[in-house]
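The exercises below concern strand pairing, burial and a chain contact. Work each one through before reading its solution.

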Amino acid sequence: MPSATLLAQSVLSGVFSGALYALMGLGISLAWGLLRVINLAHFAFVFLAGYLVYQCIGVSGWSPTLVVLLALPLFFVAGVALQWLFARFSVDEFGSLLVTFGLTIMIESLIQWIWTADVRRMETPLSTWSVKLGPIYVPVAESILLLVTLAVVVAAWAWLRHTYVGKALRASAQNPVIAAAFGVSHRRLAFLLSGVAAATGALAGVFVAVGSPISPSQMFGSLGVVLAAVILGGLGNPLGLLAASILIGIAEALTMALTAPSWAPLVSFSLLIFILVLRPDRV
Amino acid sequence: MLSLESIVAGYGDAVALSDVSLTIAAGELVAVVGANGAGKTTLVNVIARLLPMRAGRLTWEGADLGRLPPQALGERGIALIPEGRRLFGAMSVEENLDMGCYRRSARALREEGLERVYGMFPILRERRGQMAGTLSGGQQQMVAIGRALMARPRLLLIDEPSLGLAPSVVQQVFEVIRTVNAQGVSMLLIEQNVALALQVADRGYVLENGRIVAQASASALLERPDIRAAYLGGV
Amino acid sequence: MPVRPASGPRPPGRVVAAVAVFLALACLPLAQPPAFFESFLYLVFLWVALATSWTILSGYSGYFSFGHGAFFGVGVYTTATLVTAGEMPFLATLPLAGLASLLLGVGIGAVVFRVRRLRGELFALLTLAITFVLATIALNTPIDGGPGVFLSGVSMPRLYATPASTLYLMALLVAALALAIAWQLQYSRVGRALFAIADDEDVAEVMGVPTFSYKLRAIGISAGLAGVAGGMHALFVTYVTVSETFSITVPLYVVLMSVMGGMRRWYGPALGAIVVTALTYAFVGGEWALAGRALIGLTLILVILFLPQGFAGSIGAWRARWQPRAARSGAQLTPHGLSPSEAPATAQAEAAVARPSILSLNPPAAAASSSGALHAAEAPFLRCEAIHMAFKGVKALDGVSLEVHSGEILGLVGPNGSGKSTLVNVISGLLQPTAGQVLLDGEDLALLPAHRAARAGIARTYQIPRPFARLSVLENVALPAMFGGLQLAPAAALERAREALDFVGLLDRAADLPATLNLHQRKFLELARALAIRPRVVLLDEVLAGLTPAEIDSAIAMVRSIRDAGTTILFIEHNMRAVLALTDRLVVLNQGRVIAHGRPADVVREPQVIEAYLGTAAC
C-alpha cells in the first residue's frame, strides 16, 4: 500500500489531468449537445494550437499574451467555418463525425509535415516550477490550468444558464422550430457557439504545449478518455463535464499509483461502457 | 388586422389547406373548429410562418407577412401557443418564460411580464425552478400561455389548448383566454372541442378537409344543427 | 438508391465471372511478380476483407461499429497466442481466431442490442471503448505483457513456394470469403431484414423480423470475418504489439473505406479498400506518405459532402439512369402513357377494387369461412383483456378490454390522446402493456416480441406512413411477405408483393423509392404492406387522415373490399362519416378507458360520447 503522501500527490495530479480533459472536452460537449455535431477535429484544433504556441513562444519567443490573443480569434474563425460547412451541406450527426475525422487526419498530416512526428518540448520557466505545500508538490503550470479551466467552465455554464443567448441556444437545441417562433435564429447562434467551442480548444492547446512534451500521436490518445468524460458529464453540460473529467482523472491517477500506469485506460473506458449500457438516456 | 386571402398550403405534395380566407379584427377572438386532419394546425403554422404557403396573401396590420421568417413575427406582435405545448422540456419554468421575451424590445418588460404571468398562474411561481418537462399537462399549458404572453402579443395564435387536459383544467385555461382577450389581445383559437371554442369566441370558422365550409358569429354557429351533427356523423 | 430487388435466381454469368476473376488472381503468383506487388495486393485483400466484414454489420444493419479494431485484435492475439504458447499449426488457429471474435461480437450484441437507444454514434463509441478495454487487458496480462509477441519462429504453411505468395493466397481467400458472404447476404432474407432494420427497426420488428437475433447474426458474422483476417495478419507482421493491433487505425480505415465505397452494396467497401490502400501505397516514404494521408482525409470529406452513398451508390444511380424504366419495374400495367407520378392513384385504386382477383389476397379458409355480413355470432378471436399501459406514471390505457370478432370491422374512435395509438402499439406488439392480455385465438401475445404478433397474422398500418426509406416500393412490400405470417422465400415474396401492390394500384411505382410517392400513395403503400402477409387481423390506424374527399371514398371502398375478402379489421379513425359507413361495431375510448361500445348508430348518441367529442359547456 503506497503512503498517504503518495496517494494525495496522485489525487492532485488526477485533478490536474482531469482539468485538462475538461478544457479539451468543453468544445466537444457544447457542439454535440447543442448543435448535434460530433467534432473529432476539436482534438486536431487543440494540438494545432499547441504546436502554434510551441512555435511562437518556444521557438520564436513571442510574448505569451500576444499569442493567446491571436490564437483565440483565429480558432474562433475556424470553428465558424466548420459550422458553415455543416450548415451548407446539412451534414447529420454521424456525417459530422466522419467529416471531422477526415479533417483530423488532414491536420495531423500537416502537423507532422511541419513539425515531424518527433516529440517537441517547450521550455518555459513554468514547466518545472512547483511549490511545496506540506509534503505535497504543487506544480504551478498545472495550477494555472486548473484555475483557467474552472473559470472557463463556470463562464460557459453561466453563459448557457443566465444569458438570453445561452437560453436561446438550449431552447433551439430542444426545438428549433418553436424557438424560431419566439425569435431565435438557430443559424447565427450555431456559428457563435461553434466559434466559441473552437476557441476553448485553442486555450486547451496552450496548456497541452506548456504542460508536457507534445507529439502528433497523442492526438488520438486523449480522444477516448475525453469522449468518456463528455458523455459521462452529460452533453452540453459544462459543470457535469468538469465533475466527470476530474473524477476520471483521479480514478486514473489512483489506478496508476496502486497498480501499473498501463492499467489507467481501463477506468475511463469501463465507466463509459457502463454509462452507455445502463443509462443511455443521458446522452 | 389579420387577413388571409385564398391561402393554399401543404406538406410535400399533400394539400392541407386550399383557398382559405379568414379575417380577425382588432380585439376579436376568432375560433377555427373542425375535425382532426381538417387542416387547423396547418393554418396556424402558415400564419406563424413555420410552413411556407404556396399561394395566397397573408397580411397583418396592413403589412405583408408572406415573405418574413418566423423570427420576425414577434417584433410585429404575434405570438404562438403551439399544439401540444411544445415547451423546452429540459429548461426551467422561468427559463421557458424568458424565451417568450427573447426579442430585445420585450426584454425590458421581463419583470412586469413575469409578475403578470405568476399573478395569473400562482402555481408557476412556486414551480419557477422546476424543469418544464416534469410538470403536469395543465401546468405545462399554463407555461405555454405564459411564454406567449411574455412576448406582449397583439395577436395570439392558440392551437388546441384543451388537448389532453382534465376538464377542470380546461375550464381554467379558457377563463384565462377570455381574460387576456378582454385586455384587448386579438386571438385565433384552434379547437377540436367545438362547443367550448364557440362559447368563448366572437366568431367562428368551420374547417373541413382544408376548406372553410362555414363562418358566422359563434353563437349562430353553435345554434346550427348541422354543425353539431357534422362532428358526430349526422346524428 | 434502392438496392436492386433482384433476389430471384442470380444471373449465372456473374457467378462464372466472379469465379474466373478469383482463379486468375489465385494463379497470379505463378507468374512470379515482384515481391512488393504481392505484399501490396496482400494489404489490399486484407482491407477488402476487413471493410467488407464491417459493412455486413454496419452498412447493412446501420449499427456503426468502431469496434472492428477489437474483433481484428482478438483474432490477431488468438492466433499469436496459439501458435507461440500453444504451438498449434498456424492454419488450425484461423478458425479459432474467427470463433473467438465471433463469440466476442455475439456477447457484445447480446447485451447491447437489448438497449434501444444504443444506436448510431452511441453504438460506435461503445464499441470503441470496448476496443480500448481489450487493449488494456492484453497489455497488462500474459496475453501480451507489454513487449509484444514474436511469431518469427512459426512455420509458414507452404501453399506456394515463397511466404509472400502464400500470404497473398490466404488474403485472397479471406477477402473472397468475405465478399461471397456479403454478396449472398445482400440478396437473402437476412440481408433484406438488415436493410429494413437500418431504415426503421421498430417497423421491421412489427412486420415480423426477429430483429434481435438478426442483429446478433450480423455482428457474429462480421466479427468472425474480422477475426480470421486478424489471425492471418498476425503471421504477416510476425511481431504483434498492442499499440499497433488495437490502434484506432483499423476502425477508422474500415469506416473510411466503406463510406467511400458505398456501404449498402456488397462490393462498395471493396472499392473503397482498393482506392485507399492504393493511395497510401502510392505515396510511400517521407513527406509523400503524409500527403497520401492528407489526401485520404480530404477524400473522405468530399465523399461525405458530395457522394453520400459512396462510389457504389453513384455507380448504381448511374446504371439506373441508363436502363429503361419499364425494364426495371417489370410493370407494364399503365397502358395509357401517363408518367407514373401523374397517374391518378384514385382511379387506379377504384379499378383495383373492382378487380375480381381480390380473393387471392386471403387464405382460402378465411375467405370461405366469412362472407362479410354473417359474422355477428362468431366468437371473438382477438381479445384485449384489461390492458393497462403507463408511461412514467402517466396512464395511457387504464383497463381497456375489447373483442374483435372474426370477419368484422370494429371501429375504434376517441378524442386525441385517448389512447388509441397506444392500444394499436400494444396489440401489434411494439409496446408491452403494464398489465393485461392480448389474446389471438386464445394465445397471449402481450409480452411476446412484436415479430411474433406479425407471424401470428396481425398486421398494422401507421397513421403517418413509415416506409423503409431506402428500399423500393416493391421491397417495402416484399419484406413483410418474407417475415410476416407467410414466411416466403425472397422470390415468392416479391411475387406476393406485386399482387398486393396491384391491389392498391401502386404496381407501376414498384421500382421507385417511397419518398417519390405522394401522401395518398404512401398510405396505400402502408396498406399493401399490411395485406402482403395475408393477415388475419389488420389494424388500420387513421388511413384516411389527410386524404381528399375523393381519395377517402376510394379508400373506404378498398377497406370494404379487404373485409369482404375475409380479413378482420380494427379501424381507428377520426372521420365519423367513414366510421359510420364502414364499421359493424364501434368502441369509444376516452382518457384510456372504453366509455361506450355497441352498434355505431347507437354509440354516437350516448351522452358520454357526445361529451367526450363535442365537449361540455365548460365555462
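**Exercise 1.** In this predicted model, find the sense in which strand β4 (residues 55-60) of chain B and β5(B) pair, and place the two strands in their sheet.

Solution. Step one: β4(B) and β5(B) are antiparallel partners, joined over two bridges. Step two: look for a bridge at B:T59; its partner in β5(B) is B:D64. Step three: extend to the whole sheet, which is open and has four strands in the order β2-β1-β4-β5 (chain B), with antiparallel pairing. Step four: β2 (14-24) and β5 (63-64) of chain B each pair on one side only, which makes them the edge strands. Step five: add helix α1 (residues 40-47) of chain B, which packs on this sheet and touches β1 (2-11), β2 and β4 of chain B. The direction of the helix makes about 65° with that of β2(B).

**Exercise 2.** Determine which strands pair with β3(B), and whether its residues are buried or exposed.

Solution. Step one: β3(B) pairs in the parallel sense with strand β8 (residues 186-191) of chain B over five bridges. Step two: β3(B) also pairs in the parallel sense with strand β9 (residues 203-208) of chain B, over four bridges. Step three: take B:A31, whose bridge partner in β8(B) is B:L189 and which stands opposite B:G204 in β9(B). Step four: B:L29, B:A31 and B:V33 point one way, B:V30 and B:V32 the other, and all are buried.

**Exercise 3.** Describe the side of chain C that touches chain A.

Solution. Step one: 34 residues of chain C contact 36 residues of chain A. Step two: α5(C) gives the most to this side of chain C, with 13 residues. Step three: by class, the side has 26 nonpolar, four polar and four charged residues.

How values were computed. Residues numbered from 1 in each chain as written. Chains lettered and ligands numbered in written order. Predicted model: local features only at pLDDT ≥ 70, side-chain atom pairs only at ≥ 80, totals over all residues. Contact = placed C-beta atoms within 7 Å. Nonpolar A, V, L, I, M, F, W, Y, C, P; charged D, E, K, R; others polar. Pairing = 2+ DSSP bridges. Axes fitted to C-alpha atoms, helices over the stretch in contact; angles between N-to-C directions. Buried ≥ 20, exposed ≤ 12 C-beta atoms within 10 Å, placed from the backbone.
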